[in-house]
Amino acid sequence: MDWEQMPVGAKYFGASVPRTEDPRLLRGHARYVDDITLPGLLHATIVRSPHAHARIRGIDRHAAQAHPGVARVFCFNDLSDWMQPMPISGAAPPSLDTRLGIRERPTPQYPLARDIVRYAGEPVAVIVARSRAEAEDAADLMEIDYDPLPAVIDTQAAVNPDSPCVYPDWGDNVTLSFSHRLGDPDAAMAAADVVVRETFRVQRYSGTPVECRGMVVEPHPVEQRLTIWNATQFPHFVQRALVSVLGWPAHRIRVVAPDVGGGFGVKASSYPEDILIPLAAMLLGRPVKWIEDRREHFMASIHSREQVHDIEIAAMRDGRIVAIRDRFLVDQGAYNPWGVVQSYNTVAHMLGLHRIANFSADVRMVITNKTPHAPYRGAGRPEAVFVMDRAVDRLARALNMDPAEIRRRNFITEAEMPYDTGQIYRDGQPLIYDTGNFPEALDKALQAIGYDTFRAEQDGLRAQGIYRGVGISSYVEGTGVGPYEGATVYVDHSGGVVVATGACSQGQGHETTFAQLAADAIGVTPDQVTVINADTAAIPMGVGTFASRSAVVAGSAVNEAAERVREKLAEAAGSLMEAAPDDIEIDDGQAFVRGVPQSAIPLARVVQSALPTYASPSPVDADFTATVYRQVPTVTYASAVHVALMEVDIETGVVKLLRYVVSHDCGRIINPTIVDGQIYGGVAQGIGGGLFEEYVYDENGQLLSGSMLDYLVPTATDVPSIDLIHLEYPSTRNPLGIKGVGEGGAVSPPAAIANAVEDALKLFDVCVREAPLTPERVRNLIKQGQGG
């Protein structure tokens, strides 16, 4: 289903309106969870397993409970009445389940471990004390008798028949598997002129937001209510989880996400602390605060990305790709909180911009004794793009063809839009690209980087001992996933506009963009609009912010609700001014009869005129409120081409990014400054995945890169100048013509960087099969190369 395109007011939509949030954020006036202090506040710490895999034989808490300042020590048995498996997200719709033949084994995780711990960092107990320091000191006094069990750490070894089993009754370590087929890849492979086969590994890494997770819970014992401030990306989901545990009506559990210092998907999973801290506060009758420290973040917040692919790509001699055959493993860690989402996202996005009729994927998600794996910015897409773009470059090498030319010959054209890939998206709907011009994106990106000039100069630079390379990467990304998002818009008696939505911001600029949409739809200025998000008391139902969905789904809901409010205002203004509602215009917060600007009256007077008086009842309904729960038919597809220009020092192995270009299409742009910021930040995170970031475990399941000393992230000096090219191909699937942009910047950099490094080291005949491309890894590549 395609939505009829509605006109968009040009006054604020498309304008770089200054961010409403910035004054408080930049001046230190923001209010994060840790800024919240309440009378009688207690502090919690989590006692975590030091073992990756062990049986709990006994717990002695007496010394910890007797420590000064300790209010209570909670173990599983203390909370057994409320201990139920953590909620699971991302269930496959029936149409997708039927097509894939998904075979799944559940991995129930309880908020506290009962008998077995399955990763280092799994919660075993909660200690609540007067201060965080006292709680941590008491944690050191806990005596827990562990019986260590064999740890499963290596992804590929986990599927060996002789591997220990994380869940012994399974007989193996596969938690979920499925197969996907498009066309006849086997026949196409057999008829192809060239087949290239490679193994690529995507390393385990994740988001490192400035603010770690945390929450403050205030109990209201008399009313049996809880108020929870949680650094989360989906307050309504947290509320629903607690409704299930406590059996309370939802309105008695208020969840608020205040200012949140970054999320990136890390704060969009359900965590044990979301249950444990509210239970502790409820049972103690005192407010309780828990703030995750950075060490806890590395070992207990979700990890992501880790996959191993055995891929074959087949083509004819003219460069036309005829088939892809992929078999891959996903290292799920100890539990699977998101089902098929991340692995199928990889499959659904594998073909990207390429016109390929034959494709197969055989997928196994394996359980290991590592921190659970869940979506992080891109959620399966960066993995697909790394593997696909590496395979395409290897194919170009085998055909002795320029990497840009092979893409040009295989990219879907604008004339083919809407393009049916023959697949199903994870929402169960046909995977049909709505709009876009992929060849244009490629050509503009290459032109901006000076591709032809660089190629002409590259051999000369090598002769001087300067090893530079250029790498291309591209993606198509499903954005704006449903099933819905909610928005309530109302006008108060002063003419001010309030917008409440289930989407919540972790820095994306929702207060600004949603105000722009409401201002245009109603006819006020953005500074007359107040946006309230991430508060379950402001709107009863919502989904949250993840999957590049807020502008598409919540933005459309805000726009529609605001338009309904404008209709009510026009009716009231028409009654007041004795004109037909269709003849009423509203602009800059004033209503007037079309063609008679001197008739203008402020909206405050319009609202007040609708109120009953002692003399007479209201002539019109005084309800200037509208609530919309916007459903979307399916996702809309954003796309981009990234090009990286790199230089490699072959003596030290240091890789330096010289230039970076992004040519992207996110449909109509609400606020160019905010879109630019999203892409810049995403590229910086992608550079981290390409050059620096990796979670490394030893053979016993101990995290070796568990601090900022060992887990490196890019700094300002590592991020080059980024050139952005905006292509606007409006989507037909929402009334605003917009596509999501939140994740795309992070999707392509690892692939573009890997392709550029391999290009720079072409004389050494290296093959980049994994990232990050640290100096040590680059030097090893050179040593292994024929020219080494």
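# Sheets, helices and enclosed space in a predicted model

Let me begin with a single pair of residues, since Arg55 stands opposite Asp147 in strand 7. That pair belongs to a longer register, in which strand 2 and strand 7, the latter covering residues 143-148, are joined in the antiparallel sense over six bridges. Strand 2, residues 54-60, also pairs with strand 5, residues 116-117, again in the antiparallel sense but over two bridges, and there Ala54 is the residue that stands opposite Val117. I should say at once that what we have before us is a predicted model, and everything that follows should be heard with that in mind.

Let me turn next to the sheets. As background, strands of a sheet pair through backbone hydrogen bonds, and they may do so either parallel or antiparallel. One open sheet here is formed by six strands in the order 4-8-16-15-14-9, with mixed pairing. Strand 4, residues 103-104, and strand 9, residues 194-202, stand at its edges with a single partner strand each, so one side of each is left without a neighbour in the sheet. At the strand 4 end, two bridges join strand 4 to strand 8, residues 174-182, and these strands run antiparallel; in that pairing, Arg103 has Ser177 of strand 8 as its bridge partner.

Which helix lies across strand 9, strand 14 and strand 15? The answer is helix 10, residues 381-399, and its direction runs at about 145 degrees to strand 9, while strand 14 covers 307-315 and strand 15 covers 321-331. Helix 10 also brings us to the charged pairs, of which the model holds 62 counted as salt bridges. In one of them the side chains of Glu758 and Arg390 meet, with 2.8 Å from N to O. This pair links distant parts of the chain, because Glu758 sits in helix 19, residues 749-760, and Arg390 in helix 10, 368 residues apart, where a salt bridge is counted when a side-chain nitrogen of Lys or Arg lies within 4 Å of a carboxyl oxygen of Asp or Glu.

A further open sheet has four strands in the order 19-27-28-29, and here too the pairing is mixed. Its edge strands are strand 19 and strand 29, the latter covering 722-727, and each of them pairs on one side only. Neighbouring strands of this sheet are turned against each other by 15 degrees on average, if direction is ignored. Strand 19 and strand 27 pair in the antiparallel sense over 13 bridges, and within that pairing the bridge partner of Ser474 is Val641 in strand 27. Helix 17, residues 672-691, packs on this sheet and touches strand 27, strand 28 and strand 29, with a direction that makes about 135 degrees with that of strand 28.

Some of these strands return when we ask about enclosed space. A search of the whole structure finds seven cavities of 30 Å³ or more, and the largest cavity has a volume of about 80 Å³. What lines the largest cavity? There are 15 residues in its lining, and Tyr475, His664, Val741, Gly744 and Gly745 are the ones that lie nearest its centre. Strand 19 (467-479), strand 27 (636-648), strand 28 (655-665) and helix 18 (744-747) each supply at least two residues of that lining, and the largest share, four residues, comes from strand 27. By residue class, the lining of the largest cavity divides into seven nonpolar, six polar and two charged.

Among the pockets, I would point to the second largest, which has a volume of about 570 Å³. It is lined by 26 residues, of which Gly90, Arg426, Val481, Gly482 and Pro483 lie nearest its centre, and the lining comprises 16 nonpolar, seven polar and three charged residues.

I will finish with a few points of backbone geometry that you may wish to find on the structure. The peptide bond from Met417 to Pro418 is cis, with omega near -5 degrees, and Pro418 is placed in the loop between helix 11 (403-410) and strand 17 (419-424). The peptide bond from Ala771 to Pro772 is likewise cis, with omega near 5 degrees, and Pro772 is found in the loop between helix 19 and helix 20 (775-784). Lastly, Gln224, in the loop between strand 10 (214-220) and strand 11 (225-230), has phi near 50 degrees, a positive value in a residue other than glycine.

Key: Residues are numbered from 1 along each chain as its sequence is written. This is a predicted model: local features need pLDDT of at least 70, side-chain atom pairs count only at pLDDT 80 or more; totals for chains, interfaces and linings use all residues. Side-chain values use heavy atoms; hydrogens and water are left out. On a 1 Å grid over the protein atoms alone, a cavity is a set of points where a 1.4 Å probe fits but cannot get out, and a pocket is an open set with protein on both sides within 12 Å along at least five of seven lines; lining residues have an atom within 4 Å of a point. Grid points are joined across faces, edges and corners, and a volume is the space filled by probe spheres set on the points. Ala, Val, Leu, Ile, Met, Phe, Trp, Tyr, Cys and Pro count as nonpolar, Asp, Glu, Lys and Arg as charged, and the others, Gly among them, as polar. Two strands pair if DSSP finds at least two bridges between them. Contact means heavy atoms within 4.5 Å. Axes are lines fitted to C-alpha atoms, for helices over the stretch in contact, and angles run from 0 to 180 degrees between N-to-C directions.
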